[in-house]
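Me: I would like to learn how to read a sheet. Please take me through one.

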Amino acid sequence: MQLIVEFPVDAEQYLSQGLAQNVPPPETCPHCQTRATLEALGYYQRNVTGSKSTVLRLSIRRFRCNACGKTASILPAFAQPYRLIHNCVIHRFFCGQKNGADVMPWRALLRRYWRKFGSWFSRADPVLRKSFGHATQSRSPERWWEDAGTSRCGRDSARLVVTKT
Ligand SMILES: [Zn+2]
């Protein structure tokens, strides 16, 4: 299971400061809800885009529960689960800022993300409206993203996503 956690740094700082090595275990197991049973298990590696069109290789901390034996990993909120591109860049592209220096190299992939969001939208719209409390009835992916206003991908994903690994 992936737990999305906000870190007050960007991807480069997360990497250069070695923050993956200092991620504390969640207090409660997300599987069995038992307290103080998660112990460090190790890491897995994943990529995320950095500034200047670079791709960074991050270590993601994993924990195992001594009560139920299941694992949980801590994904920094700047990274989207199973997606390469940094959340800030996704957000800018989805908001129509399609010519920025950090967007341009990834436009083809970002268009795929947008098409996926659009194809997923009709099923997700009720959940999105309930989770974010938008008063308007979003009728399209574009309108939903406009309604989301200042929301950010990472924070919003943390509210919506708990993914099993
Ligand atoms: Zn457990």
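**Reading the sheet**

Reply: Start with one pairing: strand 2 and strand 3 (residues 55-65) run antiparallel, joined by 11 bridges. Strands pair if DSSP finds at least two bridges between them. Strands (E, at least two residues) and helices (H or I, at least four) are DSSP runs, numbered from the N terminus. This is a predicted model, where local features need pLDDT of at least 70, side-chain atom pairs count only at pLDDT 80 or more, and totals for chains, interfaces and linings use all residues. Residues are numbered from 1 along each chain as its sequence is written.

Me: Which residues stand opposite each other in strand 2 and strand 3?

Reply: A40 faces F63 of strand 3. R46 stands opposite L58. The two strands form a hairpin with 5 residues between them, and K52 in the turn has a positive phi of about 60 degrees.

Me: How many bridges join strand 3 and strand 4?

Reply: Strand 3 and strand 4 (residues 71-76) pair over 4 bridges, in the antiparallel sense. R64 stands opposite T71 in strand 4. This hairpin has 5 residues between its strands, with G69 at a positive phi near 80 degrees.

Me: What is the strand order of the open sheet?

Reply: The order is 1-4-3-2, with mixed pairing across 4 strands. Strand 1 (2-5) and strand 2 (38-49) each have a single partner strand, so one side of each lacks a neighbour in the sheet.

Me: Where do the helices fall along the chain?

Reply: From the N terminus, the elements run β-α-β-β-β-α-α-α-α. That makes 5 helices and 4 strands.
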